[in-house]
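Please open the model in your viewer and keep the sequence panel beside it, since each stop on this tour begins with a selection and then describes what is found there.

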Amino acid sequence: KLSFEEVRNLLIASENDYNPPLSQWIDIEKCAQKWSEKAWFLIGKYANEIASVLVFYRNDVAGMLYVAHFSVSAKYRHKGIGHAMLSKLIEQYKGEYKKIELEVKKNSSAYAFYIQEGFECVEDRATKFYLVKPI
């Protein structure tokens, strides 16, 4: 769990890891408030810098984890950090939860990444795909 300020700072730091920038499609203040109250975090570091942020919710009733946000800083992409973060999430929750679910924008490089990581597209939603991976 992280405080509002910690979450807000992480979102601001990942602002330019998105195209268009993150603040153009989410309200950073509202998102930071919600995530600081309800979400869980994995923070990936590389050379003592925050290289990746994975934000997720745990649904004990459904036995699933929902990834709400996953970013890898541009300068740290293609170094295996994304794979390592997902592996750590699975390692930490395997046996306790049955699957990981997330949405990804269509026509994004993230879609190919998730398919490579073993996610399956289970629903085509207007501008996004809904993906699931058993764990």
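A disulfide is taken here as a pair of cysteine sulfur atoms within 2.5 Å. The model you are looking at is a predicted one, and a search of the whole structure with that criterion finds 0 disulfides. Select cysteine 31 to begin with, and then cysteine 121. Cysteine 31 has a relative accessibility of 13% and therefore counts as buried, whereas cysteine 121, at 28%, counts as partly exposed.

**The helix pair**

Stay with the first of these cysteines and extend the selection to helix α2, residues 28-38, together with helix α1, residues 4-13, whose axis comes within 8 Å of the axis of α2 and crosses it at roughly 130°. The two helices are therefore oblique to each other, and α1 passes α2 in a right-handed crossing. To display the contact itself, show the side chains of Phe4, Val7, Arg8, Leu11 and Ile12 on α1, and on α2 those of Ile28, Glu29, Cys31, Ala32, Gln33, Trp35 and Ser36. If you colour this contact by residue class, you should find 8 nonpolar, 2 polar and 2 charged residues.

**Strand β1: leucine 42 and tryptophan 40**

Next, move to strand β1, residues 40-46, and select leucine 42, which lies in it. Is leucine 42 buried or exposed? With a relative accessibility of 12%, leucine 42 counts as buried. Leaving out residues up to four places away in sequence, leucine 42 touches Ser52, Val53, Leu54 and Phe56, and also Met85, Lys88, Leu89 and Gln92. For a link back to the previous stop, draw a distance from leucine 42 to leucine 11, which stands 31 residues away along the chain; their C-alpha atoms are separated by 13 Å.

In the same way, select tryptophan 40, which also belongs to strand β1. Tryptophan 40 counts as partly exposed, its relative accessibility being 26%. Its contacts, again without residues up to four places away in sequence, are with Lys1, Leu54, Val55, Phe56 and Arg58. A C-alpha to C-alpha distance drawn from tryptophan 40 to valine 67 should read 9.5 Å, although their positions lie 27 residues apart in sequence as the count of separation.

**Strand β2: serine 52**

From leucine 42, follow its contact with Ser52 and make serine 52 the new centre of the view; this residue is placed in strand β2. At 1% relative accessibility, serine 52 counts as buried. Apart from neighbours within four places in sequence, serine 52 is in contact with Leu42, Ile43 and Gly44, with Phe70, Ser71 and Val72, and with Ile81 and Met85. One of these partners, isoleucine 81, is 29 residues away along the chain from serine 52, and the C-alpha atoms of the two are separated by 7.3 Å.

**Loops: two asparagines and a glycine**

Which backbone angle deserves a look at asparagine 48? The phi of asparagine 48 is near 65°, a positive value in a residue other than glycine. This asparagine lies in the loop between β1 and β2, the latter spanning residues 49-59, and with 77% relative accessibility asparagine 48 counts as exposed.

Now select asparagine 107, for which phi is near 60°, a positive value that again occurs in a residue other than glycine. Asparagine 107 sits in the loop between β4 and α4, where α4 covers residues 109-116, and its relative accessibility of 84% places asparagine 107 in the exposed class.

For the last stop, select glycine 95, located in the loop that runs between α3 (81-93) and β4 (99-105). Glycine 95 is exposed, with a relative accessible area of 75%. Add glycine 63 to the selection and draw the C-alpha to C-alpha distance: the two glycines are 9.7 Å apart in space and 32 residues apart in sequence.

Key:
Residues numbered from 1 in each chain as written. Predicted model: local features only at pLDDT ≥ 70, side-chain atom pairs only at ≥ 80, totals over all residues. Heavy atoms only, no water. Axes fitted to C-alpha atoms, helices over the stretch in contact; angles between N-to-C directions. Helix = DSSP H or I, 4+ residues; strand = E, 2+ residues; numbered from the N terminus. Parallel < 35°, antiparallel > 145°, perpendicular 65-115°, else oblique. Left-handed = near helix turned anticlockwise from the far one by under 90°. Contact = heavy atoms within 4.5 Å. Nonpolar A, V, L, I, M, F, W, Y, C, P; charged D, E, K, R; others polar. Buried < 20%, exposed > 50% of the residue type's maximum accessible area, 1.4 Å probe, protein only.
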